[in-house]
Amino acid sequence: MPNDSRHPFLQGLSKHRGAQPTIITIFGASGDLCARKLVPAIYNLAVDNLLPADFYLIGFGRKPIPDEEFRSLASEAISKFSRRELNRDIWDRIEKNAFYCSGGYDEVEAFQKLRDKVDSIEKDLGREIQSVFYVSTPPSVFEPIIKNLGEVGLAKRHQDGDRHTKVVIEKPFGKDLESARHLNRVISGVFQERQVYRIDHYLGKETVQDLLVQRFANTIFEPLWNRNYVDNVQITVAESLGVGTRGGYYEQSGATRDMIQNHTMQLLALTAMEPPASLDAEAIRDEKVKLLKAIKPLRLGYSNSDVVRAQYAEGLIDGQKVDGYREEEGVSEESNTETYAALRLAINNWRWEGVPFYLRSGKRMARRVTEIAIQFKRPPSSLFSENEMINLASNSLVFQIQPDEGSTILLNGKIPGLQTRTQPVKMHFRYSTTFGSNTPEAYERLVLDAMIGDGTLFIRGDETEASWGLITPLHEFWQSEGQRGMESYAAGSWGPNASDRMLWQGEHEWRRP
Ligand SMILES: NC(=O)c1ccc[n+]([C@@H]2O[C@H](COP(=O)([O-])OP(=O)(O)OC[C@H]3O[C@@H](n4cnc5c(N)ncnc54)[C@H](OP(=O)(O)O)[C@@H]3O)[C@@H](O)[C@H]2O)c1
C-alpha cells in the first residue's frame with residue numbers, strides 16, 4: 001500500500017493491522033446503532049491510529065439529511081456515546097470525508113446515486129479503493145439492500161485482490177431456519193462468502209476473545225476440558241432490564257431468538273469446540289460448525305424436556321416495583337413470547353458425551369451478567385470426608401463476559417487455625433485491575449476486522465443455519481402449544497422453579513452469579 005497519501009496523523013496505522021484505504025457506507029445511518037456504536041467505533045479507531053489515511057464515511061437512509069447535518073449528528077453521537085472524549089482535531093479529519101446519500105432501500109436509482117458518490121470519491125483520489133457496506137437497518141430491508149448493491153455493480157468490484165467489496169450484516173440473521181436459508185441464498189446470489197461479515201457483537205468483546213486465549217494458550221486447562229473432568233457447563237446471559245419501550249419488537253422475538261440462538265450458542269461453540277488447526281478464520285469457524293452440528297436434537301414435551309420457557313411477572317428490581325411482561329407497553333395481554341428460556345444440550349462427540357450444557361437467558365433477572373461456568377467433578381472425599389468442618393465445593397472455572405470482565409477459579413482451601421476446616425475460595429483475574437478499564441468496545445474490533453478482511457469474529461452462513469436448525473423445532477413446538485407450558489418468574493429473581501427442576505434431574509444446580 002502506498003505511504004505517500006497518508007496524513008501524518010494517520011501514518012503508521014497500517015503498521016498495526018494493515019487497514020487499507022476504505023469507503024464505509026452505513027445503511028440505516030440515522031439509527032440508534034449508528035449513533036451509539038458505529039460512529040463512536042470509527043472515531044476511536046482514528047484515535048488509535050488504526051484508520052487508513054484515505055478513509056471515507058457515507059451515511060445512507062430514507063430521510064434526506066444534508067452532509068453538514070450528518071456530520072454534526074455524528075459529532076454529537078461521539079460526544080454522547082464514545083468511551084473517549086471528542087478531540088476536534090481528530091474528528092475534523094474524518095468529518096471532511098463524511099457524506100450522506102438518501103433514498104429508499106428498495107429504489108435502484110438511490111443505489112445508482114450511491115455508486116456515483118463512490119465513483120466520484122475514487123476519481124478525486126485518482127484510484128479505486130475498497131468499499132465496506134454496513135447494513136444497520138431493521139432486517140425487513142436486508143434483502144433489497146443486498147440485491148440493489150448487486151444491481152448497480154457495487155458488490156463485485158475488485159474481485160481479484162483483497163480490495164474486494166465487503167458487506168457487514170447486523171443481527172438478527174433470520175427468524176427461523178427457513179428465513180436464514182433464504183437470506184443466505186439472497187446474499188450468495190450477489191456476494192461470495194469471503195465478502196460477507198455477519199455480526200454477533202458478543203464475538204467482538206475482549207473477554208470472548210480471551211476465552212480462546214485462555215483455552216489454547218495455556219496447558220493447564222486442555223487436559224481437563226472433557227467428560228473425564230467436567231461435570232456440567234452453565235452459560236448465563238441475564239439482563240435486569242425489561243423490554244422498556246421495545247415491547248412491540250420483542251413480541252416478535254423472545255429470549256431464544258434474541259439471545260440464545262446467536263450469542264449464547266456462539267459462547268457454547270467457542271467453549272466446546274475442538275482446538276482449531278490454526279487461528280485462521282476458516283479453521284475456527286469449521287470447528288464451531290462441527291460442534292453445533294454435534295448437538296443432539298432437543299427433547300421437547302412435558303416430561304424430561306430439555307427446555308423451559310417463562311415470562312416475568314411483577315417484582316422488585318433495585319428495590320423498585322416493576323410491571324410484569326404482559327403489562328408492558330406494546331405487549332399483548334395474552335402474549336406467548338418467552339422472556340426467559342433455559343435449554344439442556346447434549347453434545348454427541350467423544351469429548352463431551354454425558355456432559356450436560358445448560359444455557360439460560362432472561363430479562364428482568366436478579367442481575368445483569370453474562371458468564372460461562374465450567375463446573376468440574378467433585379473431588380473424591382476419601383481424605384476429607386464431609387462434615388460440619390469440611391465443606392468441599394466442586395471446582396469451577398468461570399469466565400465473566402460482562403460486566404466485571406475477567407475469570408475466577410473456585411478451589412477448596414484451608415481456613416487458618418489449628419483444626420482442619422475447609423472453605424471454598426476464589427482466585428480472581430479482573431481485566432480492569434490488570435489492564436485498566438478503557439478497553440476497546442466490541443464494535444471497534446469488528447469494524448476494523450471487516451476493513452482488514454478478517455472474518456474470525458463473524459458468523460459464517462453455515463453456522464447460522466446450524467444454530468437455527470437446533471432452535472427452529474423448539475419454536476414450532478411452542479407455537480403449537482400456545483400458552484401451555486409457559487412458566488412465570490418474579491422480576492428480580494433468577495428465573496422459574498421449572499428451570500431449577502430441570503437441573504435437579506441431573507443432580508445439578510444453577511449458579512447464582
Ligand atoms: N441498537 C442496538 O443497540 C443494536 C444492537 C445490536 C444489533 N442491532 C441491530 O442493528 C440494526 C440497526 O439497529 P438500530 O437500533 O439502529 O435500528 P433502528 O434505529 O430501528 O433503524 C435504523 C434505521 O433504519 C431505518 N429504518 C427503520 N425502520 C425501518 C423500516 N421499517 N423500513 C426501512 N427502514 C427502516 C431508519 O433510517 P431511515 O428512516 O433514515 O431510513 C432507521 O434510522 C438492527 O438490525 C438491529 O437489530 C442493534
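**A colleague's note on the predicted chain**

1. Let me start at a loop. Met389 sits in the loop that runs between β13 and β14. This is a predicted model, so please read every value below as computed from it. Met389 has 13 C-beta neighbours inside 10 Å and therefore counts as partly exposed. Setting aside neighbours within four places in sequence, Met389 is in contact with Gln419, Thr420 and Arg421. Glu481 is elsewhere: the C-alpha atoms of Met389 and Glu481 are separated by 50 Å, with their positions 92 residues apart along the chain.

2. Staying in that loop, Asn387 also falls between β13 (369-376) and β14. Is Asn387 buried or exposed? Asn387 is exposed, because just 8 other C-beta atoms lie within 10 Å. The C-alpha atoms of Asn387 and Arg421 are 9.5 Å apart, and the two residues are 34 apart along the chain. Arg421 is thus a useful residue to display here, as it is also one of the contacts of Met389.

3. The next loop along deserves a look at its backbone. Pro403 is placed in the loop between β14 (396-402) and β15 (406-415), and the peptide bond leading from Gln402 to Pro403 is cis, with omega near -20°. Asp404 lies in the loop between β14 and β15 as well. Its phi is near 60°, a positive value in a residue other than glycine. Asp404 counts as partly exposed, because 15 C-beta neighbours are found inside 10 Å.

4. Two more backbone details are worth checking in your viewer. Lys171 and Pro172 are joined by a cis peptide bond, with omega about 0°; Pro172 belongs to the loop between β5 (166-169) and α7 (177-188). Asn304 is not a glycine, yet has a positive phi of about 60°. Asn304 is located in the loop between α11 (281-293) and β8 (307-313), and is exposed, with 9 other C-beta atoms within 10 Å.

5. Now the overall build. The chain contains 15 helices and 17 strands. Its C-alpha trace spans about 80 × 55 × 45 Å along the principal axes. What radius of gyration would a compact globule of 513 residues have? The value would be near 24 Å, and the chain has 25 Å, which agrees. Buried residues account for 41% of the 513 residues. Among contacts between residues at least 6 apart in sequence, 77% join residues at least 24 apart.

6. On domains, the assignment gives domain 1 (8-170) and domain 2 (203-377 + 460-504). The C-alpha centres of domain 1 and domain 2 lie 34 Å apart.

7. The core links these two domains. The largest nonpolar core holds 123 residues, and the members that touch the most others are Leu38, Ile42, Val135, Phe357, Leu359 and Val447. Helix α10 (residues 255-272) supplies the largest share of this core, nine residues. Where does the core lie with respect to the domains? Domain 1 and domain 2 both give residues to the core, so it lies between them. As background, nonpolar side chains tend to be buried together in soluble globular proteins.

8. Leu359 makes a good entry point to the core. Not counting residues up to four places away in sequence, Leu359 touches Ile235, Ile260, Thr264, Leu268, Ala342, Leu343 and Leu345.

9. For a view of the strands, try Ser488, which is placed in strand β17 (residues 486-490). Ser488 counts as partly exposed, because 16 C-beta neighbours lie inside 10 Å. The C-alpha atoms of Ser488 and Ala310 are separated by 5.0 Å, although the two residues are 178 apart along the chain. Beyond four places in sequence, Ser488 touches Ala310, Gln311, Ala313 and Pro496.

10. Finally, the ligand. Which of the 21 residues around the ligand come nearest? They are Gly28, Gly31, Leu33, Gly61 and Arg62. Helix α2 (residues 32-47) gives the most to the shell, with four residues. By class, the shell is made up of seven nonpolar, eight polar and six charged residues.

Terms used
Residues numbered from 1 in each chain as written. Predicted model: local features only at pLDDT ≥ 70, side-chain atom pairs only at ≥ 80, totals over all residues. Core = buried A, V, L, I, M, F, W, Y, C linked by C-beta atoms within 7 Å. Buried ≥ 20, exposed ≤ 12 C-beta atoms within 10 Å, placed from the backbone. Domains from an automatic or database assignment. Contact = placed C-beta atoms within 7 Å. Rg over C-alpha atoms; globule rule 2.2 N^0.38 Å. Near = placed C-beta within 6 Å. Nonpolar A, V, L, I, M, F, W, Y, C, P; charged D, E, K, R; others polar.
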